[in-house]
Amino acid sequence: MSTFLNKLRAAKLGSTLTLLALVLVWSTPTVGLLITSLRERDEAAASGWWTALFDPFNQIWSWESYQKAIDGGMLEALLNTIVISVPATILPLIIAANAAFAFTFIEFKGREVMFAALVALMVLPLQSALIPVLKGMVWLKKNVGIDIVGNFAAAWIMHAAFALPLAIYILRNFMMTLPTSLIEAARIDGASFYQIFWKLILPMSMPSIASFAIFQFLWVWNDYLIAFIFVGEQKSVMTYKLLRLIGQYGDGWQTVAAGSFIALIVPLMVFFGLQRYFVRGLTAGAVK
């Protein structure tokens, strides 16, 4: 009996079963979304998606919902979302990496106070700044002639500004785990701070950069509020387009299922492509 229990412990059966159960629970909505988007409208309305899962060969499968979603402007919205998400992810990473390097390796007066104030900005809700920032952009248009509202740049600025505190915090925590002896050796060899940052610190910080990039990309990709207020309907993103696909009387729910699955593909590709950096970047600096 004891030998059997030891084998179970060695196989970590309990952990494996728990993880499988969690995967099953979290995957169920996605599977239901996919099946619903591929079923005929009448069949989807008459029975639950699980009936098609257990009896797939007696179902009528169709790409009609995807065609309707594409005809409804999902591809254009997909492009608009990519145009917003990619720069809004890269821009705060570039600024945050430089700031985190300065907070970690450069001694200057008031460094800790400035960093504490920066971290405190993470509790500031984005919604509280919408009206002041929008008024500021309108003022720029009237007095300076810089028209930002209604363009992608407005969304880039807003997303980047509110992502910076968390980005700097994550990157600084990771950089503090890097060996200072390597930095000192580079300084002795005559390397400037610019060279140390680009040739040493940035390559070694890729796990934390990739982990934050996943978070930021998903936040921007799923955003509705900023894109709707600062960019508008003329350059609508996928979250807004999904709302329009539902129809005036709510009869386009199956088209929404197809559009939702289209919107889901790119974030899944990003996550699985960078997942090996995910845990490494988040846990860096937690234990020394």
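**Entry 1: the largest cavity**

I began with the lining of the largest cavity, which is made up of Arg39, Glu40, Arg41, Ser62, Glu64, Ser65, Lys68, Gln254 and Thr255. The model is predicted, so to speak of local features I need pLDDT of at least 70, and side-chain atom pairs count only at pLDDT 80 or more, while totals for chains, interfaces and linings use all residues. Residues are numbered from 1 along each chain as its sequence is written, and side-chain values use heavy atoms, with hydrogens and water left out.

My working terms: on a 1 Å grid over the protein atoms alone, a cavity is a set of points where a 1.4 Å probe fits but cannot get out, and lining residues have an atom within 4 Å of a point. A volume is the space filled by probe spheres set on the points, which are joined across faces, edges and corners.

I got a volume of about 90 Å³ for the largest cavity. Helices H5 (64–71) and H15 (253–283) each supply at least two residues of its lining, and H5 has the largest share, with three residues. Helices here are DSSP runs (H or I, at least four residues), numbered from the N terminus. By residue class, I found no nonpolar, four polar and five charged residues in this lining. For the classes, Ala, Val, Leu, Ile, Met, Phe, Trp, Tyr, Cys and Pro count as nonpolar, Asp, Glu, Lys and Arg as charged, and the others, Gly among them, as polar.

**Entry 2: the other cavities**

How many cavities of 30 Å³ or more does the whole structure hold? My search found three. The second largest has a volume of about 40 Å³, and Thr81, Ile84, Ser85, His159, Val220, Asp223, Ala227 and Val237 line it. Helix H6 (residues 74–105) gives the most to that lining, three residues. Here I noted four nonpolar, three polar and one charged.

**Entry 3: Ile201**

Next I looked up Ile201, in helix H11 (residues 193–204). Ile201 is buried (under 20% relative accessible area, 1.4 Å probe, protein chains only), because its relative accessibility is 0%. Leaving out residues up to four places away in sequence, Ile201 touches Phe101, Phe105, Met175, Leu178, Ile183 and Ile196; contact means heavy atoms within 4.5 Å. The C-alpha atoms of Ile201 and Ala97 are 9.2 Å apart, with their positions 104 residues apart along the chain.

**Entry 4: H7 against H9**

Last, I checked H7 (residues 111–120) and H9 (residues 152–175), which pack at about 125° with axes 9 Å apart. Axes are lines fitted to C-alpha atoms over the stretch in contact, and angles run from 0 to 180 degrees between N-to-C directions. That makes H7 oblique to H9: angles under 35 degrees count as roughly parallel, over 145 as roughly antiparallel, 65 to 115 as roughly perpendicular and the rest as oblique.

Methods: On a 1 Å grid over the protein atoms alone, a cavity is a set of points where a 1.4 Å probe fits but cannot get out, and a pocket is an open set with protein on both sides within 12 Å along at least five of seven lines; lining residues have an atom within 4 Å of a point. Buried means under 20% relative accessible area, exposed over 50%, partly exposed in between (1.4 Å probe, protein chains only).
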